[in-house]
Amino acid sequence: MEPTTLQEAILYFADPNNCREYLVARRWPDGVVCPRCQSKNVLFLEKYNRWHCREKHAAPQFTLKTQTIFEDSPIPLDKWLMAIWMIVNCKNGISSWEIHRALKVTQKSTWFMLHRLRLAMKADFGYGPMTKIGGPESEVEVDETFVGGRKQNMHKDKKVRYEAKGGASGKAVVQGILDRTARHVRAKVMPDVKRETLQKEILTQVKYGSKVYTDTAVAYEQGMQWRFVHDMVNKTETYVKGRVHVNGVENFWSLLKRGLNGTYIAVEPFHLERYVDEQVFRYNNRGTEDNPLNDADRFDAAVRQIVGKRLTYKELTGKTETPETQAF
Ligand SMILES: [Zn+2]
């Protein structure tokens with residue numbers, strides 16, 4: 001029986017065979033395949049908990065970590081899986097300190113782990129008509145929020161990165177797009193609030209002909225009517241004009257900000273994108289009346305997204321040595 005609670009998951013994944021079975025079933029549902037040449041001609045070496053590919057090529061051996069966010073990590077799989085369970089199932093996110101205490105991994109390592117997990121949680125929405133949200137019968141809300149702003153307390157090189165991302169106001173802009181019918185949100189850190197920037201994203205993400213609701217921001221005053229049934233609500237006067245409002249996205253902002261202000265104290269805009277991805281994952285995989293997802297379902301969904309993604313410590317920090325080399 002696969003686990004349904006944190007307690008069960010701890011016990012279940014403590015057994016390496018269970019870890020392997022669970023991951024193989026999701027990564028290779030039709031049988032183990034060599035990640036380098038896609039051959040099925042592979043041999044399992046139980047003693048080493050790895051596979052050997054019989055095709056003739058360099059690096060014929062591989063593990064469950066090969067070509068996933070876990071690649072090159074000395075942290076055992078059961079700890080990785082517990083970290084996933086924790087991050088996808090707590091409402092406002094989890095700090096690296098909490099994971100550090102729960103899993104007995106150094107705090108610096110857990111910080112790196114969390115960033116890799118957020119990369120796994122990042123949804124690949126793709127681009128093109130098949131992956132757009134909305135539709136002629138759908139109502140789509142679009143809104144922006146500003147994050148950050150305590151620039152004066154920041155270290156100098158942080159400040160430089162901050163300004164590169166946030167612009168003159170010193171705040172980062174996040175644009176959110178919500179399909180009210182599908183209850184599906186997409187959110188992204190934007191370089192600015194210019195009309196072409198914000199409208200281009202809507203054109204990329206939302207099907208033509210959708211009903212699109214925004215506030216009366218300058219960026220939306222012109223141009224929207226060519227592709228969408230567009231209506232605006234002036235938030236300085238009222239928040240709701242019949243069906244025209246952006247309260248759904250506002251609700252998402254409050255979840256995002258609760259996480260940012262509470263759990264993740266003083267997030268740099270440099271890393272903001274990953275926190276947004278994390279919150280989007282939780283929002284789009286939350287249980288609703290007609291789609292009752294539970295903790296195990298959310299965990300399953302995240303585990304299926306670990307393949308084919310990598311994030312090195314260097315990409316994250318610019319430094320070459322990793323904290324994990326001192327972790328064990
Ligand atoms: Zn191979």
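What percentage of the 328 residues in the protein chain do buried residues make up? In this predicted model, buried residues come to 32% of the 328 residues.

**Figure 1. Overview of the predicted chain and its secondary structure.** The protein chain contains 12 helices and eight strands. Among the contacts in the chain with a separation of 6 or more, 60% are accounted for by residues that stand 24 or more positions apart in sequence. One such long separation in sequence is that of Arg-27 and Gln-305, which are 278 residues apart along the chain, although their C-alpha atoms are 9.2 Å apart in space. Arg-27 itself is found in helix H2, and it counts as partly exposed because it has 17 C-beta neighbours inside 10 Å.

**Figure 2. The largest nonpolar core and the residues at its centre of contacts.** This core has 62 residues, of which Ala-83, Ile-84, Trp-85, Ile-87, Leu-117, Val-212 and Val-276 touch the most other members. Helix H3, which covers residues 77-89, gives the most to this core, with nine residues. Because domain 1 (6-31 + 65-122 + 308-313 + 320-326) and domain 2 (129-267) both give residues to the core, it lies between them. Ile-84, when residues up to four places away in sequence are not counted, touches Leu-117, Phe-299, Ala-302 and Val-303.

**Figure 3. Helix H11 and its buried face.** Helix H11 consists of residues 295-303, and its buried residues are Arg-298, Phe-299, Ala-302 and Val-303. Seen down the axis of H11, these buried residues fall within an arc of 135°, so they line one face of the helix. This can be set beside a general property of the α-helix, which has 3.6 residues a turn, so residues three or four places apart point the same way. What covers the buried residues of H11 includes helix H2 (16-27), helix H3 and helix H5 (107-121). Phe-299, Ala-302 and Val-303 of this buried set are also among the residues that Ile-84 touches.

**Figure 4. The open sheet of five strands.** The strands of this sheet follow the order S6-S5-S4-S7-S8, and their pairing is mixed. Strand S6 (184-190) and strand S8 (229-233) stand at the edges, each with a single partner strand, so one side of each is left without a neighbour in the sheet. From one strand to the next, the twist averages 20°. Strand S5, residues 172-179, runs antiparallel to S6, and seven bridges join the two; Asp-179 has His-184 in S6 as its bridge partner.

**Figure 5. Strand S7 and its neighbours in the sheet.** Is strand S7, residues 211-215, largely enclosed by the rest of the structure or left open? Five of the five residues of S7 are buried, so the strand is largely enclosed by the rest of the structure. Lys-211, Tyr-213 and Asp-215 lie on one side and Val-212 and Thr-214 on the other, and since both sets are buried, both faces of S7 are covered. In a regular strand the side chains alternate between the two faces of the sheet. Strand S4 (residues 139-147) runs parallel to S7 and is joined to it by three bridges, with Glu-139 standing opposite Lys-211. Strand S8 likewise runs parallel to S7, here with five bridges, and Asp-215 stands opposite Val-233 in S8.

**Figure 6. The open sheet of three strands.** This sheet has the order S1-S2-S3 with antiparallel pairing. Strand S1 (42-45) and strand S3 (61-62) are the edge strands, and each pairs on one side only. Four bridges join S1 to strand S2, residues 50-53, and these two strands run antiparallel. Leu-43 stands opposite His-52 in S2.

**Figure 7. Two loop residues with positive phi, Asp-72 and Lys-104.** Most residues other than glycine have a negative phi. Asp-72, although it is not a glycine, has a positive phi of about 65°; it is placed in the loop between S3 and H3, and it counts as exposed because it has 11 C-beta neighbours inside 10 Å. Lys-104 has a phi near 55°, also a positive value in a residue other than glycine. Lys-104 is found in the loop between helix H4 (96-103) and H5, and it is exposed, with 10 other C-beta atoms within 10 Å.

Methods:
Residues numbered from 1 in each chain as written. Predicted model: local features only at pLDDT ≥ 70, side-chain atom pairs only at ≥ 80, totals over all residues. Core = buried A, V, L, I, M, F, W, Y, C linked by C-beta atoms within 7 Å. Buried ≥ 20, exposed ≤ 12 C-beta atoms within 10 Å, placed from the backbone. Domains from an automatic or database assignment. Contact = placed C-beta atoms within 7 Å. Arc of directions from axis to C-beta. Pairing = 2+ DSSP bridges. Axes fitted to C-alpha atoms, helices over the stretch in contact; angles between N-to-C directions.
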